[in-house]
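Dear colleague,

I am passing on the structure we spoke about, and below it you will find notes on what was found. Please read them with the structure open beside you.

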Amino acid sequence: KLLNMKTVAERLAYALAIRGMTQSELARRAGVTRGTISNVMKGVAKNFTAEVSLKVARALDVDVYWLVLGEGTATNDTIQRGIPQKIVRRRPADGS
């Protein structure tokens, strides 16, 4: 079944599940509050700040562009194999 993750919350939930990580563990690893993670997960906030996005992506070992924009690939490891290739788009090499 094609995964259609249109929101940061959906991609975050997916990454947490694949990594086997709780919101609390992610918050601790990223150096942010659990409330910050929870607010995005619940849709109270639509996105993270740029700084928090980078910290969360790093803690989850996922690509920040994928997490925030849904573009590119999640990662090159096990999380990527869980995403159907039909929805995976690659960024041009020049970054544009």
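**What was found**

The protein, which is a predicted model, has six helices and zero strands, so that from the N terminus on its elements run α-α-α-α-α-α. Of the 96 residues in the protein, 39% are buried, and the accessible surface comes to about 5,800 Å², with 51% of that belonging to carbon and sulfur atoms. If one takes the contacts between residues at least 6 apart in sequence, 48% of them join residues at least 24 apart.

Helix α3, which spans residues 34–41, has Ile37, Ser38 and Val40 among its residues, and these three are buried. They lie on the same side of α3, because the arc they cover around the axis is only 165°. As general background, an α-helix has 3.6 residues a turn, so residues three or four places apart point the same way. The buried residues of α3 pack against three other helices, namely α1 (8–19), α2 (23–30) and α4 (50–60). After α3 comes Gly43, which has a positive phi, near 85°.

The other residue to look at is Met5, which is placed in the segment before α1. Its relative accessible area is 16%, and Met5 counts as buried because that value is under 20%. Apart from its neighbours within four places in sequence, Met5 is in contact with Glu10, Arg11, Tyr14 and Trp66. Met5 and Leu67 are 62 residues apart along the chain, and their C-alpha atoms are separated by 10.0 Å.

With kind regards

Methods
Residues numbered from 1 in each chain as written. Predicted model: local features only at pLDDT ≥ 70, side-chain atom pairs only at ≥ 80, totals over all residues. Heavy atoms only, no water. Buried < 20%, exposed > 50% of the residue type's maximum accessible area, 1.4 Å probe, protein only. Helix = DSSP H or I, 4+ residues; strand = E, 2+ residues; numbered from the N terminus. Arc of directions from axis to C-beta. Contact = heavy atoms within 4.5 Å. Areas by Shrake-Rupley, 256 points an atom, 1.4 Å probe, with all protein chains shown as cover.
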